[in-house]
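Biologist: Could we go through how the copies in this assembly are arranged and where they touch?

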Protein chains: 4
Amino acid sequence: MGNTMGQMFRITTWGESHGDAVGVVVDGCPPRLSLDVSDIQRELDRRRPGQSEISTQRKEGDQAQILSGVFEGRTLGTPILIGVWNKDSRSRDYEHMRTKYRPSHADYTYDAKYGIRNWMGGGRASARETIGRVAAGAIAKKVLAQEFGTEIIGYVKQVWQLHAQVDPDTVTGEEVESNIVRCPDQDMAIRMIERIKQARKDGDSLGGVVECVARNVPVGLGEPVFDKLEADLGKSMLSLPACKGFEVGSGFGGTTMTGSEHNDPFYSEGGRIRTRTNNSGGIQGGISNGENIIIRAAFKPTATIMKAQETVDDEGNPTTLEGRGRHDPCVLPRAVPIVESMMALVLVDHALRQRGQTGEVRGW
Amino acid sequence: MGNTMGQMFRITTWGESHGDAVGVVVDGCPPRLSLDVSDIQRELDRRRPGQSEISTQRKEGDQAQILSGVFEGRTLGTPILIGVWNKDSRSRDYEHMRTKYRPSHADYTYDAKYGIRNWMGGGRASARETIGRVAAGAIAKKVLAQEFGTEIIGYVKQVWQLHAQVDPDTVTGEEVESNIVRCPDQDMAIRMIERIKQARKDGDSLGGVVECVARNVPVGLGEPVFDKLEADLGKSMLSLPACKGFEVGSGFGGTTMTGSEHNDPFYSEGGRIRTRTNNSGGIQGGISNGENIIIRAAFKPTATIMKAQETVDDEGNPTTLEGRGRHDPCVLPRAVPIVESMMALVLVDHALRQRGQTGEVRGW
Amino acid sequence: MGNTMGQMFRITTWGESHGDAVGVVVDGCPPRLSLDVSDIQRELDRRRPGQSEISTQRKEGDQAQILSGVFEGRTLGTPILIGVWNKDSRSRDYEHMRTKYRPSHADYTYDAKYGIRNWMGGGRASARETIGRVAAGAIAKKVLAQEFGTEIIGYVKQVWQLHAQVDPDTVTGEEVESNIVRCPDQDMAIRMIERIKQARKDGDSLGGVVECVARNVPVGLGEPVFDKLEADLGKSMLSLPACKGFEVGSGFGGTTMTGSEHNDPFYSEGGRIRTRTNNSGGIQGGISNGENIIIRAAFKPTATIMKAQETVDDEGNPTTLEGRGRHDPCVLPRAVPIVESMMALVLVDHALRQRGQTGEVRGW
Amino acid sequence: MGNTMGQMFRITTWGESHGDAVGVVVDGCPPRLSLDVSDIQRELDRRRPGQSEISTQRKEGDQAQILSGVFEGRTLGTPILIGVWNKDSRSRDYEHMRTKYRPSHADYTYDAKYGIRNWMGGGRASARETIGRVAAGAIAKKVLAQEFGTEIIGYVKQVWQLHAQVDPDTVTGEEVESNIVRCPDQDMAIRMIERIKQARKDGDSLGGVVECVARNVPVGLGEPVFDKLEADLGKSMLSLPACKGFEVGSGFGGTTMTGSEHNDPFYSEGGRIRTRTNNSGGIQGGISNGENIIIRAAFKPTATIMKAQETVDDEGNPTTLEGRGRHDPCVLPRAVPIVESMMALVLVDHALRQRGQTGEVRGW
């Protein structure tokens with residue numbers, strides 16, 4: 001259970017990291033959307049391992065196949081099945097971990113929950129599961145862009161203790177893609193890259209923060225009470241491997257302000273109601289107000305490190321474990337398209353819900 | 001839409017702040033649970049306004065009535081309807097805001113979404129909606145305590161820039177309730193109370209952070225992939241009015257550590273697998289590992305302040321607005337039972353899902 | 001669990017027959033719909049007991065109260081809570097059945113499922129639960145009529161072995177309401193009434209069939225594969241107490257035809273594609289085709305009879321049981337507004353889903 | 001939307017009849033169930049075309065592949081993806097129907113709903129979609145048999161006007177499989193086969209009724225109010241292509257009885273509460289009572305016939321259409337494993353819901 005997300009634009013991901021394939025079923029995509037496998041491949045290429053010198057050297061081509069739901073280049077309104085076959089899975093890299101629980105991984109909890117696990121890699125807990133999310137997210141982005149003009153841009157905001165300065169209102173996708181760490185603050189990007197290389201040398205790993213902005217968002221998305229837009233955005237991010245925190249707008253920082261400092265004054269501009277500041281992060285009362293939606297997701301340092309660590313085996317005997325295989329010392333650069341995908345999926349779902357409920361989506 | 005939460009233990013809240021009543025329907029509560037209205041009233045009394053000199057002076061008795069689902073003191077397994085009649089609603093306090101959008105409130109977005117709103121108070125966006133959550137949470141807490149021995153304790157961790165020191169592993173409910181700000185760091189509690197009184201005097205408001213711990217949690221709760229335990233906890237907190245951020249375990253702070261510092265080594269203790277540190281916050285791979293679950297929710301300063309603010313009316317004309325009525329300068333103390341309720345609701349729901357799926361809940 | 005129906009127009013009923021109240025929460029009703037309590041009361045009055053000499057003589061006024069979701073005569077888009085307080089519940093009528101299982105009632109299965117039941121009446125299995133359905137159905141009918149011009153008319157098609165002749169394409173609501181058995185075949189209505197009176201005299205009960213037609217239905221409602229329109233209609237009817245069968249269009253009778261007899265030829269009329277016959281009952285491939293939707297629901301004879309019956313008590317000891325209290329010898333006339341309500345609820349839900357998914361509802 | 005069924009044991013089917021593949025994702029299967037692809041293939045072989053002289057001569061091998069969720073022969077508790085590649089799809093058979101709407105098919109309604117359709121075959125409306133259902137049903141049957149000892153047997157009860165005599169309490173799977181029409185009344189089977197051959201010769205088609213029984217069913221399955229067991233069974237059957245009616249227990253026939261004839265008296269046998277008759281069909285108040293569950297599903301005659309028929313093209317112009325290709329003159333024999341699958345899926349889902357809710361499943 002729990003492998004499905006969304007109500008009107010609903011995705012179900014499937015596949016273990018070292019099984020035959022991974023993928024996604026997308027149910028509820030509007031019909032007649034122009035869709036080509038290249039739309040999906042482009043985003044998968046941003047996510048895949050081995051892109052650069054700072055990511056894992058695993059060579060996973062991750063070629064997407066669309067098996068249903070698209071006919072003569074357009075969506076049918078029926079389920080879209082996208083699969084990626086697993087090819088370069090060296091399960092011998094995992095043999096030594098067959099009975100050992102990797103610290104801060106999901107090995108122990110999967111065993112405790114299910115009484116069984118695929119010990120060859122992380123199974124469903126592997127970041128490989130996010131392939132299905134990114135494939136579905138590529139479709140969601142296309143719906144948002146074509147029908148509503150909404151644009152989503154994510155970037156690395158922080159690596160370890162290195163914080164970038166980025167203006168979410170003006171940053172461009174080109175700036176994000178201009179360096180391998182996907183941080184549009186070019187000076188900080190250089191320092192981040194150096195720090196990640198150092199971590200690899202140390203056999204250690206780093207965490208950080210991805211910030212993501214949605215611009216030109218329709219007004220009125222989000223369902224009070226439990227399905228507030230920030231609640232669904234938060235859930236989607238916190239469902240990502242290694243994500244330990246989420247903020248919208250002023251977030252934790254806003255708690256140190258007073259109300260008179262924090263409130264966003266309204267004003268009118270060309271017949272449209274705007275706010276002078278955006279501490280709300282584009283969402284008020286759980287509903288989008290038309291300002292840019294700005295969120296941040298915190299990712300812990302990758303659990304897989306190349307250093308010896310204390311742990312136990314599946315019978316509780318003390319042992320030590322040293323990581324092998326090919327792993328990212330820092331997942332942040334590859335997390336960017338994943339975070340964008342989650343935001344796109346949530347926004348599309350809420351747009352369709354709003355359209356169904358009220359018959360119109362204001363600002364589109 | 002969006003007024004329902006949970007899959008196996010499912011609640012639906014209803015009611016506007018200035019309508020006839022507010023309440024909740026709880027569907028899926030296990031049968032034969034001993035339940036009295038006093039179980040619910042106790043928690044509502046911790047939530048209600050007018051408890052102390054630092055909360056709003058509105059006198060809302062908030063007396064709960066159980067209208068269905070309980071027979072001869074025990075739950076029937078059928079929907080439990082709990083209602084609280086609205087009594088002390090001085091809608092004249094709101095008359096001046098009939099057409100003005102309060103900054104950082106939900107007035108504008110509700111109008112934009114629905115084309116109509118109950119301008120007498122916040123409607124569904126009012127904190128009054130949380131009455132239904134707390135009533136349902138009281139039942140959830142009882143299920144957790146009776147069937148599984150799980151205990152949930154929340155407390156104020158931060159008000160404005162004042163940070164408390166609290167040990168989540170040992171804090172008691174009595175310590176939390178020993179002062180009106182619900183902060184078990186007694187020295188800091190005094191400073192917080194002073195700061196809140198100052199804010200009231202200033203006609204301003206404050207935000208802060210509630211931390212909440214669940215102890216003696218069964219192993220195996222949480223559904224990969226999208227319904228990870230932290231994802232559902234995060235969603236539940238971010239669905240609360242004024243919540244702008246969520247963390248589990250090391251949270252945002254953990255992003256500045258390296259993997260070797262952050263990983264939680266496993267060890268064995270009396271046949272049970274434990275972790276030496278708890279940066280994971282009791283959840284690994286989206287599944288509880290039996291350690292204490294520790295989360296934090298960030299609340300922005302209350303939007304309602306007694307100072308004049310720039311805004312517009314519902315036709316976009318510039319105007320100013322000054323808060324009236326009786327409001328909390330800081331919602332944190334009253335947010336404590338609400339945060340506890342959300343955590344209880346998520347844990348019960350996942351416990352029932354796990355029991356259905358595998359037939360057992362380990363560690364209970 | 002299981003007390004909720006619908007995805008976009010979602011209702012949750014609550015309340016035991018002999019508890020304090022029964023009712024419904026409607027979530028997802030479009031905003032700004034004009035709605036008065038009299039809209040609901042009108043339908044409840046068609047459902048309530050004691051309407052005529054052939055229904056139960058219990059005097060339940062069944063006065064509806066709207067407690068939320070409506071403001072100044074219009075819906076807010078927020079949950080609508082409707083409650084009816086139980087007044088004339090003579091639980092002493094049930095005392096003798098405290099430990100005896102009434103044959104073909106839900107007494108035994110509730111005990112087996114939950115280990116507890118409200119023995120004062122049927123609890124949730126009572127037809128009294130349908131009050132919430134009819135209240136919600138009244139809203140659904142209004143949405144359908146106002147926004148889409150769709151009209152729903154149900155009537156008694158069969159009582160016991162008495163079959164009426166009714167043309168679903170032309171029957172009017174006035175014809176249905178023109179006699180107390182709600183059968184527009186006036187000659188047959190007289191015979192049905194006589195037969196029901198006889199059954200009452202005998203202390204026995206009768207079943208029958210309600211037929212229901214929806215006219216002026218938008219094209220395109222219904223979601224392949226599992227949520228086909230006939231599947232959701234069927235589920236809704238089979239969720240009614242005493243319903244044992246469901247048909248759409250040609251139904252069971254159509255199984256004796258050949259394909260060349262059964263197929264509905266297409267033709268074109270004024271730019272609209274029509275079918276010459278309507279064996280499909282207005283639905284093809286799970287999707288409405290714009291022709292009249294025609295369904296039939298079979299209701300078994302009421303389980304409560306005034307004759308001595310063999311049964312067991314809750315410890316399995318053999319005993320006999322004789323019905324007391326005031327009961328309908330035939331539920332069919334009162335089932336008419338209930339069947340109409342279920343159809344309305346399903347159609348509205350699918351209309352909103354279709355609108356969300358494709359942005360348009362053809363034929364509206 | 002609408003391609004998902006179930007709450008705890010949830011399946012999503014995907015694939016068009018003339019796309020690359022069809023299949024299913026099963027989410028919520030209990031972990032550690034022994035599962036081999038042959039378990040699935042066995043049931044698919046009962047469903048596939050070309051089995052006998054009375055079914056279509058299309059040669060679809062329909063070889064299943066399991067791509068995820070199973071590891072070393074046991075289920076992982078993660079999503080199980082099963083796919084069948086489409087091979088023998090002669091889309092040229094459909095070229096002549098590119099713009100013509102086949103009478104009583106879903107061609108027109110899909111176009112009306114989505115504004116697009118895969119005209120090469122029936123797309124999602126094709127019976128080929130049921131491959132995913134049968135694959136998932138094979139797993140569901142295995143769970144029911146292994147964990148609860150429940151057995152499900154379907155058979156052809158009626159073809160056209162030919163009605164078989166079968167005792168649902170004693171019929172065996174071997175009897176069902178002993179002839180190509182899957183009717184255990186051997187004399188009637190011969191007549192049915194002759195009638196089907198005649199229909200093929202005539203270029204015409206036939207409908208009929210499948211009856212299905214579940215034996216050794218746990219007590220307590222089914223969720224009042226809307227998710228009554230018969231409601232979910234009915235929905236599942238009515239979601240099948242060509243199904244126009246559903247009955248449980250006495251069904252439509254029961255409407256002609258009086259209550260005193262219809263009620264099922266309780267008695268006690270070896271500590272177990274039983275009913276002397278089973279007009280209830282094993283379900284009372286929406287909850288299984290431990291007696292055999294007996295349902296019937298009515299299938300209209302197949303819409304595809306080899307005779308010229310009046311219709312229109314997609315611009316509304318009158319035209320005629322004559323079926324080509326290879327089609328079943330009567331789908332009933334192949335519908336048997338499909339009906340069994342739907343029943344198994346509903347029962348497993350309710351068993352897991354009941355286990356989650358109450359912690360026990362009585363009678364297992």
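Modeller: Copies are superposed by least squares on the C-alpha atoms of residues with pLDDT of at least 70 in both. This is a predicted model, in which local features need pLDDT of at least 70, side-chain atom pairs count only at pLDDT 80 or more, and totals for chains, interfaces and linings use all residues. Residues are numbered from 1 along each chain as its sequence is written, and chains are lettered from A in the order in which they are written.

Biologist: What turn lays chain B on chain C?

Modeller: A turn of 180 degrees with a shift of 0.0 Å along the axis does so, at an RMSD of 0.0 Å. The two copies are therefore related as by a two-fold rotation axis.

Biologist: How many residues does the contact take from chain B and from chain C?

Modeller: It takes 32 residues from chain B and 32 residues from chain C, where contact requires C-beta atoms, placed from the backbone, within 7 Å.

Biologist: Which elements of chain B give two or more residues to that side?

Modeller: They are β2 (10-14), β3 (21-27) and β4 (64-68) of chain B; strands are DSSP runs of E, at least two residues, numbered from the N terminus. The largest share, 3 residues, comes from β3(B).

Biologist: And chain A, what lays it on chain B?

Modeller: A turn of 180 degrees and a shift of 0.0 Å along the axis, with an RMSD of 0.0 Å.

Technical notes:
Contact = placed C-beta atoms within 7 Å. Helix = DSSP H or I, 4+ residues; strand = E, 2+ residues; numbered from the N terminus.
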